[in-house]
Amino acid sequence: MIKKIIGIILCAQLLLVHSTFVRADQVEERSWDNEIIYSLMIDRFSDGDSTNNIDINRRDPLSFHGGDFRGIIDRLDYLQKMNFTVIQLSSIFANREGGFHGEWVKDYFQPDPHFGTVDELNELVDEVHKRNMKIIIEFPIMPKEEYSDLEDAVLNSAKWWKENTSIDGFKMMNISELSLEFWKLFNKELNVNEESFFISAADQNLTADELSLYADAGFDSLVNVPLNEPLRYAFAKLDRPLEDLMSLEQQENSYPIMLEAFLDNQYLKRYTREMIEQETYPGSAWKRVLTYLYTQPNIPVIYYGTETGMDGSSAPDNTPLMSFQANQEMLDFVSKLGEVRQSQKALTKGTLELLYEKDGMIVFKREYESDTVLVAINNTTEDQMVRIPKNQLANDKELRGFLEDNLIRSSDKEYPIFVERERMEIFKVVDETGYNLFFILAIFIVFILFGLFLYVAWKRGKNRIPE
Ligand SMILES: [Ca+2]
Ligand SMILES: [Ca+2]
C-alpha cells in the first residue's frame with residue numbers, strides 16, 4: 001500500500017514537472033516565418049584568415065578590410081547567443097577590383113578570393129547547421145548591359161550553388177533588373193514545391209504597388225522595403241505619431257506571402273546616425289524600435305552592428321569593420337527579444353490589432369488561436385497610462401511582462417497599462433489565477449496523497465505497538 005502511494009506521488013510530481021517545463025511550440029521544427037535573420041557584410045564582419053588579405057586597407061572605406069568565411073565561423077557562437085536563427089551573407093561571388101561589398105559580380109560561379117574557398121563556405125554552412133541555424137546568401141542581379149547572358153548566368157549559378165553547397169536559400173537582389181516572367185521560371189526550377197529551401201527577393205527601388213506584382217512569382221518572401229521609411233521615421237524621434245506605420249502593417253497582414261522588415265542595410269545611412277541627428281538617445285531608442293521589430297508580423301532582419309549601436313553616414317561609411325566590444329545590456333536585450341519571438345506563435349503567425357495610438361504611445365494585440373500577446377511601447381516624453389477596456393481583450397485575465405517583472409491585473413472594466421516614458425513591455429495574456437487548472441489539481445492531488453501516506457504509516461505504526 002505504502003509503495004503504491006509513493007508511486008502515485010512520484011507520478012504526480014513527474015506530471016507537474018512535465019506540464020511546467022515542456023512547451024509544445026519549442027520542440028516543433030521552425031518554419032521560415034519563425035526565423036530571425038542576422039544580415040552581415042562578409043568583408044566587414046570578421047577576419048579569421050590573414051592569408052587571403054589581398055590588398056586590404058582598413059583606413060580606406062572603399063577598400064577590402066579582410067573579413068572572410070573563416071571569421072564568420074569564429075563568431076557563430078556569438079550570433080547563436082543572441083538567438084538569431086538565420087545568417088544572411090552579403091554576395092559571395094568573385095568581384096571586379098574594389099568590390100568589397102560583393103555587388104560588382106565578375107563571375108557568378110566562383111567565390112571572391114578575399115572571402116575564402118568553396119570548401120571553406122561548406123565548412124561555414126556545416127557549422128551553422130550544427131548550431132540549428134540556417135544560412136542564406138545575397139544574390140545581386142547585375143545591370144543587363146554589364147553582363148551578357150544575364151538570365152542564363154543567374155539561373156545556372158543559383159542551381160550550381162544550391163547543388164554544390166548545403167545553403168538554405170538565396171536573397172535575390174535588384175529583382176527589377178529581370179522580367180517577372182524570368183522570376184516565375186526561376187522559382188519554378190529552384191523553389192516551388194521546396195518548402196525547406198527559401199528564396200526571398202529584394203529591390204531597393206520598388207514602390208509597394210510594384211513590389212506586390214512579385215507576390216505570385218513563386219518567391220517565399222519579399223523584403224518589405226516600402227515599410228522601411230515609415231518605420232525609421234516613427235522611432236527616430238520621440239512623440240511622433242505611429243498611426244501611419246501601424247495602418248501600413250495592418251493592411252499588409254493579409255499579404256499572400258511572407259515579408260521581411262529591416263531598419264538598416266548596406267544602402268542606408270545607419271539608423272543610429274538618424275537618431276543622433278534627431279537628438280534622440282540611441283541606447284534606449286534602439287530598445288523601443290527593436291521591441292517593435294520583433295513583435296510585428298514581418299520576419300525581422302537585423303543588420304550587423306545593430307547590437308553595438310554602429311554609427312555611420314551614407315555608403316561606404318555605413319559599413320565599418322565590426323567591433324565585437326558590444327555592451328552586454330544590449331546583447332542580453334536582443335537575445336531576450338529573440339527568445340520571446342521564438343516562443344510565442346502569436347508574434348510570428350498571429351493577427352495584428354491596434355488597441356491604442358496617440359503621439360507615439362501604442363498598444364497593439366497579436367493573437368493566434370488561444371494565445372494573446374500585448375505590446376506596449378511608450379515612444380513619448382511622458383509617462384503614460386492606457387486603459388484597455390475588457391471587451392477589447394478578455395475577462396478574468398492578467399498581463400504578465402516578458403521584459404521586466406510587470407504584472408497587470410484588471411479592474412472592474414479595464415486593464416490599466418502603465419508604461420514609463422521611453423520604455424516598453426511585451427505582455428502575455430494569461431488566466432487570472434496565475435496557474436493553470438491542471439497545475440492546481442496536481443498540487444492538490446499530491447497534498448491529499450501525502451496526507452493519506454502519513455495516515456497509513458501512522459496506522460501501521462500504531463498496529464505494531466504491542467498491547
Ligand atoms: Ca581575411
Ligand atoms: Ca521555398
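This is a short walk through the predicted model, one selection at a time.

**The whole chain**

Start with everything shown as a cartoon. The C-alpha trace spans about 105 × 50 × 45 Å along its principal axes, and the secondary structure comes to 16 helices and 18 strands. Of the 467 residues in the chain, 40% are buried. If you look at contacts between residues at least 6 apart in sequence, 71% of them join residues at least 24 apart.

Now colour by confidence. The mean pLDDT of the chain is 92, and 92% of its residues reach 70 or more. Select residues 14-27 for a contrast: pLDDT stays under 50 there, and the model has seven contacts beyond four places in sequence for this stretch.

**Two domains**

Next, give residues 30-343 one colour and residues 351-431 another; the domain assignment calls these domain 1 and domain 2. Their C-alpha centres lie 32 Å apart. Where they touch, 20 residues come from domain 1 and 19 residues from domain 2.

Which helices should you pick out on the domain 1 side of this contact? Select helix 11 (243-252), helix 13 (282-295) and helix 14 (328-343), each of which supplies at least two residues. Helix 13 gives the most, with six residues. By type, the domain 1 side has eight nonpolar, five polar and seven charged residues.

**Phe-364**

Stay with domain 2 (351-431) and select Phe-364, in strand 12 (residues 361-368). Is this residue buried or exposed? Phe-364 has 22 other C-beta atoms within 10 Å, so it is buried. Leaving aside residues up to four places away in sequence, Phe-364 touches Met-246, Leu-352, Glu-353, Leu-354, Leu-355 and Val-375. Try a distance label from Phe-364 to Leu-352: they are 12 residues apart along the chain, and their C-alpha atoms are separated by 7.0 Å.

**Helix 7 and helix 10**

Move to helix 7, residues 150-164. At 1.5 Å a residue, its 15 residues should span 21 Å, and the end C-alpha atoms are indeed 21 Å apart. Show the side chains of Val-154, Ala-158, Trp-161 and Lys-162, which are buried. These residues cover an arc of only 100° around the axis, so they sit on the same side of helix 7. Turn to the face pointing away from that buried side and you will find the exposed residues Asp-152, Trp-160, Glu-163 and Asn-164. To see what the buried residues of helix 7 pack against, add strand 5 (134-140), strand 6 (169-173) and helix 8 (180-190).

Helix 10 (residues 225-236) is the next stop: its 12 residues should span 16 Å, and the end C-alpha atoms are 17 Å apart, which agrees. Its buried residues are Val-225, Leu-227, Leu-231, Ala-234, Phe-235 and Ala-236.

**Three backbone details**

Zoom in on the peptide bond from Ala-315 to Pro-316, which is cis, with omega near 5°. You will find Pro-316 in the loop between strand 10 (299-303) and helix 14.

Then select Asn-83, in the loop between helix 5 (76-81) and strand 2 (86-89). Its phi is near 65°, a positive value in a residue other than glycine. Asn-83 is partly exposed, with 19 other C-beta atoms within 10 Å.

Finish at Asn-193, in the loop between helix 8 and strand 7 (198-202). Phi of Asn-193 is near 70°, again positive in a residue other than glycine. Asn-193 counts as exposed because it has 7 C-beta neighbours inside 10 Å.

Definitions and conventions
Residues numbered from 1 in each chain as written. Chains lettered and ligands numbered in written order. Predicted model: local features only at pLDDT ≥ 70, side-chain atom pairs only at ≥ 80, totals over all residues. Helix = DSSP H or I, 4+ residues; strand = E, 2+ residues; numbered from the N terminus. Buried ≥ 20, exposed ≤ 12 C-beta atoms within 10 Å, placed from the backbone. Contact = placed C-beta atoms within 7 Å. Domains from an automatic or database assignment. Nonpolar A, V, L, I, M, F, W, Y, C, P; charged D, E, K, R; others polar. Expected span 1.5 Å × (residues − 1). Arc of directions from axis to C-beta. pLDDT = per-residue confidence, 0-100.
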